[in-house]
Amino acid sequence: MMTNRVQGKVALVTGAASGMGAADIRLLAEEGASVVGCDVDKAGLDALVAELKDEGLTISAAALDVSDPEAWEDVVRFTEETYGPISILVNNAGIYVTPGVEDTDQATWDRTISINQGGVFYGMRATIPSMRRAGGGSIINIASIHGIVGTELATAYHASKGAVRSLTKQAACQYGVEGIRVNAIDPGIIETAIVANARKFIDMEPMKDLIPLKRFGDARDIAYGVLFLASDEAAFITGADLVIDGGMIAIQ
């Protein structure tokens, strides 16, 4: 049921062709926002956006490599020309790589940091002037519970997501006076392509025993967190971490 929780707002969402980003653009548009979804997978994004447009939603697609600062300037310009100043930014795009410290080569480290950490920084830097023109806004950075707790693998991923949490808090302190709120969401295990691929190699089911709710999350679970933080219902929330993990790290 539509409740128009972000009616009249303009949203820019990265990593929107699939998974959590796809759920984000659908829900934000269903709730009244004009949305630009971005992804390096332009063909996949175009197909999804065409489907959503057929449902009557106000949405457009744009190609974006989040690690390219100039591309960010182009997509912000496109969004403003299409719908007006941006009031919601969801920095969702990211990659997951598994190597530990000694097995992480320079190329893997650089690529992960440039996308997961650099993409968030470039996105905020490019979008904040537009939010200023909008009279304020909400930035939601998708971090991870792996930015809070450790595991035996994924060195570059852990480092990048920890950085996203710190970037979020710093920007919240800097821009609160301008009515720009900045928060992070820390997902746990969510049923996306990453988990689907992992299932080819390992039995994921026993991991549900580590989660108090005894299930993995759905992309829509994260999208509802995004919607809340994007809406005026969260008007007094900034610099915060919203953990959406079914209680997983509560019992670690």
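## A salt bridge within helix 2

Lys42 and Asp46 stand four residues apart in helix 2, which means that about one helical turn separates them. In this predicted model, their side chains meet in a salt bridge with an N to O distance of 2.9 Å. Lys42 is partly exposed at a relative accessible area of 30%, and Asp46 is likewise partly exposed, at 34%.

## Salt bridges between separate elements

The structure holds 14 salt bridges in total. Side chains of opposite charge can pair when their charged atoms come close. One of the pairs consists of Glu55 and Arg26, whose closest N and O atoms are 2.8 Å apart. Glu55 belongs to the loop between helix 2 (42–54) and strand 3 (59–63), while Arg26 belongs to helix 1 (residues 19–30), so this salt bridge ties together parts that are 29 residues apart in sequence. Glu55 counts as partly exposed, with 44% relative accessibility.

Another salt bridge joins Arg133 to Glu80, with 3.1 Å between the closest N and O atoms. This pair links distant parts of the chain, since Arg133 lies in helix 4 and Glu80 in helix 3, 53 residues apart. Arg133 is exposed at 52% relative accessibility, whereas Glu80 is partly exposed at 23%. Elsewhere, salt bridges with shared partners connect Arg26, Glu30, Glu51, Glu55 and Arg220 into one network.

## Overall architecture

The chain contains seven helices and seven strands. Along the sequence, these elements follow the pattern β-α-β-α-β-α-β-α-β-α-β-α-α-β. Of the contacts with a separation of 6 or more, 73% are between residues 24 or more positions apart.

For 252 residues, a compact globule would have a radius of gyration near 18 Å, and the 17 Å of this chain agrees with that expectation. The C-alpha trace spans about 45 × 35 × 35 Å along its principal axes. Buried residues account for 50% of the 252 residues. The accessible surface comes to about 11,400 Å², and carbon and sulfur atoms contribute 54% of this area.

## Pro69 and His158

Pro69 is placed in helix 3 (residues 69–83) and counts as partly exposed, at 29% relative accessibility. Apart from residues up to four places away in sequence, Pro69 touches Tyr122 and Arg125. The C-alpha atom of Pro69 is separated by 22 Å from that of Ile25, a residue 44 positions away along the chain.

His158 is found in helix 5 (residues 155–175). A relative accessible area of 13% places His158 in the buried class, because that class covers values under 20%. Leaving aside neighbours within four places in sequence, the contacts of His158 are His146, Gly147, Val149, Gly150, Thr151 and Leu153.

## A nonpolar surface patch

Leu153 also takes part in a nonpolar surface patch of about 270 Å², together with Tyr96 and Ile194. Tyr96 is located in the loop between strand 4 (88–91) and helix 4 (106–134). With 31% relative accessibility, Tyr96 counts as partly exposed, and this value satisfies the patch requirement of over 30% relative accessible area.

## Cysteines

The count of disulfides is zero, where a disulfide requires two cysteine sulfur atoms within 2.5 Å. Cys38 is buried, with a relative accessible area of 1%, whereas Cys173 is exposed, at 70%.

Terms used. Residues are numbered from 1 along each chain as its sequence is written. This is a predicted model: local features need pLDDT of at least 70, side-chain atom pairs count only at pLDDT 80 or more; totals for chains, interfaces and linings use all residues. Side-chain values use heavy atoms; hydrogens and water are left out. Patches are made of residues with over 30% relative accessible area and no salt bridge: like charges are joined within 9 Å, nonpolar side chains (Val, Leu, Ile, Met, Phe, Trp, Tyr) within 5 Å. Accessible areas come from the Shrake-Rupley method with a 1.4 Å probe; for residues, only the protein chains shown count as cover. A salt bridge is a side-chain nitrogen of Lys or Arg within 4 Å of a carboxyl oxygen of Asp or Glu. Helices (H or I, at least four residues) and strands (E, at least two) are DSSP runs, numbered from the N terminus. Buried means under 20% relative accessible area, exposed over 50%, partly exposed in between (1.4 Å probe, protein chains only). The radius of gyration is taken over C-alpha atoms; the globule rule is 2.2 Å times the number of residues to the power 0.38. Contact means heavy atoms within 4.5 Å.
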